[in-house]
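Visitor: I have a model to go through today. Could you take me through the contacts, pockets and cores?
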Amino acid sequence: MKSLGEKDVSGKEQDKGTYILLTKLAKTQKIKPGKLPETDYKKGTYLYVGRARTGLRARINRHISRQKKLFWHIDYLLQKAKIVEIWIRQDYCAECNTADKIRDFKPTAAKAIQGFGSSDCRCLSHLFYLLPGTKGLESLRNEIGFEKVKIDGNNL
Ligand SMILES: [Zn+2]
């Protein structure tokens, strides 16, 4: 597994890109992500798609940290849910395209949470709830061209 922030062949650190947080919510509960309405978030696995033009590593570390001012929709979910995997792709323009592909991944399996993380684009959502028993996540990851990464100092 690659470490985030690893240098590429030219010696340049790749610190931008699109990322996916695979998160788990241990029990169903009400969450109000900022201005979005409070709703029940079901127990289970969520995929969140985001991007960082610079400072990808710092962004991911911010997501992992719970001590922060809540700003993005995902910040509210991450007060309750745990990040279990981080996937990245060194292409910071892939965000919306990736969200489309997740939505189309076995359409019956991934349910979009309307308006979540997509205030600045035309997507329905950048957060997807995976119905229990959803299989094929590794093949989805390969298909959309993301690598699983580990982060220094964080035991994920
Ligand atoms: Zn989008």
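Guide: Let us begin with Glu95, which touches Thr18, Val49, Gly50, Arg51 and His126, leaving out residues up to four places away in sequence. Please keep in mind that this is a predicted model.

Visitor: Where does Glu95 lie?

Guide: Glu95 lies in helix α3.

Visitor: Is Glu95 buried or exposed?

Guide: Glu95 is buried, because its relative accessible area is 14%, under the limit of 20%.

Visitor: Which residues lie nearest the centre of the largest pocket?

Guide: Tyr48, Trp72, Glu95, Gly117 and Asp120 lie nearest the centre, out of 16 lining residues. Glu95 thus appears both in the contacts listed above and in this pocket lining.

Visitor: Which elements give two or more residues to that lining?

Guide: They are β5, residues 44-52, and α3, residues 95-104. The largest share, three residues, comes from β5.

Visitor: How much space lies in the largest pocket?

Guide: The largest pocket holds about 380 Å³ of space. By class, its lining has six nonpolar, six polar and four charged residues.

Visitor: And the second largest pocket, what lines that one?

Guide: The lining of the second largest pocket consists of Thr39, Asp40, Tyr41, Lys42, Tyr46, Lys111, Ala112, Ile113, Gln114 and Tyr129. Two or more of its lining residues come from each of β4 (39-41) and β7 (110-112). β4 gives the most, with three residues.

Visitor: What about its volume and the classes of its lining residues?

Guide: About 160 Å³ of space lies in the second largest pocket. Its lining has five nonpolar, two polar and three charged residues.

Visitor: Turning to the interior, which residues have the most contacts inside the largest nonpolar core?

Guide: Leu21, Tyr41, Tyr46, Leu77, Phe116 and Leu127 have the most contacts inside this core, which has 23 residues. The elements that give two or more residues to this core are β2 (17-25), β5, α1 (56-64), α2 (73-77), β6 (82-89) and β8 (127-130).

Visitor: Is there another core? What does it include?

Guide: A second, separate core has 17 residues, and Val49, Ala99, Phe128 and Ile144 are among them.

Visitor: Back to Tyr46. What is Tyr46 in contact with?

Guide: Setting aside neighbours within four places in sequence, Tyr46 is in contact with Leu21, Leu22, Thr23, Leu25, Tyr41, Leu77, Ile113, Leu127, Phe128 and Tyr129. Tyr46 also belongs to the lining of the second largest pocket.

Visitor: And Thr45, where does that lie?

Guide: Thr45 lies in strand β5. Thr45 is buried, because its relative accessible area is 15%. Not counting residues up to four places away in sequence, Thr45 touches Leu22, Thr23, Lys24, Phe128, Tyr129 and Leu130.

Visitor: Different region now. Which loop holds Lys80?

Guide: Lys80 lies in the loop between α2 and β6. Its relative accessible area is 43%, so Lys80 counts as partly exposed.

Visitor: What does Lys80 contact?

Guide: Lys80 is in contact with Leu25, Gln29, Ile31 and Arg66, leaving aside its neighbours within four places in sequence. In addition, Lys80 and Lys27 are 53 residues apart in sequence and 9.1 Å apart in space, C-alpha to C-alpha.

Visitor: How many disulfides does the structure hold?

Guide: The structure holds zero disulfides. Cys93 is in no disulfide, and the nearest cysteine sulfur, that of Cys96, is 9.8 Å away. A disulfide needs a pair of cysteine sulfur atoms within 2.5 Å, so that distance rules out this pair.

Visitor: Is Cys93 buried or exposed?

Guide: Cys93 is exposed, because its relative accessible area is 56%. Cys121 is partly exposed, at 26% relative accessibility.

Visitor: To finish with the overall picture, how many helices and strands are there in the protein chain?

Guide: The protein chain has four helices and nine strands. From the N terminus on, its elements run β-β-β-β-β-α-α-β-α-β-β-α-β.

Visitor: What percentage of the residues is buried?

Guide: Buried residues make up 42% of the 156 residues in the protein chain. Among contacts between residues at least 6 apart in sequence, 68% join residues at least 24 apart.

Methods. Residues numbered from 1 in each chain as written. Predicted model: local features only at pLDDT ≥ 70, side-chain atom pairs only at ≥ 80, totals over all residues. Heavy atoms only, no water. Buried < 20%, exposed > 50% of the residue type's maximum accessible area, 1.4 Å probe, protein only. 1 Å grid on protein atoms, 1.4 Å probe; cavity = no way out; pocket = protein on both sides within 12 Å on 5 of 7 lines; lining within 4 Å. Points joined across faces, edges and corners; volume = space filled by probe spheres on them. Nonpolar A, V, L, I, M, F, W, Y, C, P; charged D, E, K, R; others polar. Core = buried A, V, L, I, M, F, W, Y, C linked by side-chain atoms within 4.5 Å. Contact = heavy atoms within 4.5 Å.
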